[in-house]
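Me: I want to know what each label rests on. Keep the answers short, and set every value against its cut-off.

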Amino acid sequence: MNYWLVKQEPTVYSWDNFYKDKSTEWTGVRNFQARNNLRAMAKGDEVLFYHSNVGKEVVGVAQVSKEAHPDPTANEGDWICVTLTPKTKLKNPVTLVQFKDDPVLKLTPLIKQSRLSVMPLTEPQFRRVLKLAASSRE
DNA sequence: GCCAACGTTGGC
DNA sequence: GCCAACGTTGGC
């Protein structure tokens, strides 16, 4: 089992859109490193859903329901997408500030490589996010 | 709205 | 193969 984090601008496609859709093709990735991460996803892997620009917080957990297949929105080039399905909405979203303040989470690519849109997380990092999401932030 | 970081493109 | 120019992402 591997763990991942994907970014999306909520003004383009928010967690609520995703949740209503029940499932979505994660298309449009046009960065080699992000693509390689998509390709490494296995069915059942858990994926954190992060809202970039607006919110700047992890809002939910998704699951890979279909592994890498050709991205239908790509006219040329070797681009792929995966299918994601919403799993759970976080009780308390975990913000970028919380990532920066946390000794475990500040080592994630979200902080160290801020422009990458699909990134791997270690199991401790993933668990840390869920833990922060479960505890309230006064 | 600005700008830093970073990826891509194209001239040489 | 280098590097300047340019475009994009995303935080502030």
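Me: Leaving aside its neighbours within four places in sequence, which residues is L116 in contact with?
Reply: They are K7, N31, Q33, A34, N37 and P109. Contact means heavy atoms within 4.5 Å. A caution: this is a predicted model, where local features need pLDDT of at least 70, side-chain atom pairs count only at pLDDT 80 or more, and totals for chains, interfaces and linings use all residues. As for conventions, residues are numbered from 1 along each chain as its sequence is written, chains are lettered from A and ligands numbered from 1 in the order in which they are written, and side-chain values use heavy atoms, without hydrogens and water.

Me: Why does L116 count as buried?
Reply: Its relative accessibility is 5%. Buried means under 20% relative accessible area, exposed over 50%, and partly exposed in between (1.4 Å probe, protein chains only). So L116 is buried. The residue is found in the loop between α4 and β6 (118-121). Helices (H or I, at least four residues) and strands (E, at least two) are DSSP runs, numbered from the N terminus.

Me: How far apart are L116 and Q33 in sequence and in space?
Reply: They are 83 residues apart in sequence and 7.7 Å apart from C-alpha to C-alpha.

Me: What makes D16 and K89 a salt bridge?
Reply: A salt bridge needs a side-chain nitrogen of Lys or Arg within 4 Å of a carboxyl oxygen of Asp or Glu. Here the N to O distance is 4.0 Å, and the pair is a salt bridge. It links distant parts of the chain: D16 is in helix α1 (residues 15-21), K89 in strand β5 (residues 80-95), and 73 residues separate them. Seven salt bridges are present in the structure.

Me: Why is K89 called exposed, and what is D16 called?
Reply: K89 has a relative accessible area of 56%, so it is exposed. D16 has 42%, so it is partly exposed.

Me: How do you know that R128 and D102 form a salt bridge?
Reply: Their closest N and O atoms are 2.6 Å apart. That satisfies the cut-off, so the label holds. R128 lies in helix α5 (residues 123-134) and D102 in the loop between α3 (96-101) and α4 (109-112), so the pair ties together parts 26 residues apart in sequence. D102 is buried at 5% relative accessible area, while R128 is partly exposed at 26%.

Me: Which residues do salt bridges that share partners join into one network?
Reply: R35, R39 and D78. The closest N and O atoms of R35 and D78 are 3.8 Å apart. R35 lies in helix α2 (residues 32-39) and D78 in the loop between β4 (57-70) and β5, so this pair ties together parts 43 residues apart in sequence.

Me: What makes K7 or Y50 a neighbour of DNA strand C?
Reply: A residue is near a strand if one of its heavy atoms lies within 4 Å of it. The residues around DNA strand C are K7, Y50, S52, N53, K56, L96, K100, S114 and R115. Sugar and phosphate make up 68% of the atoms of DNA strand C that come within 4 Å of the protein. Around DNA strand B stand N31, F32 and R115. There, sugar and phosphate account for 42% of the strand's atoms within 4 Å of the protein.

Me: Why call the approach of Y50 to DNA strand C a polar contact?
Reply: A polar contact is a pair of N or O atoms within 3.5 Å. An N or O atom in the side chain of Y50 is 3.0 Å from a phosphate oxygen of DNA strand C. So the pair qualifies. For an N or O atom in the side chain of K100, the distance to a phosphate oxygen of that strand is 2.2 Å. With N53, a polar backbone atom is 2.9 Å from a phosphate oxygen of DNA strand C.

Me: What is the phi of K56, a residue other than glycine?
Reply: It is near 50 degrees, a positive value. K56 lies in the loop between β3 (46-51) and β4. At 40% relative accessible area, K56 is partly exposed.

Technical notes
Polar contact = N/O pair within 3.5 Å; in protein donor to acceptor, adjacent residues only side chain to side chain.
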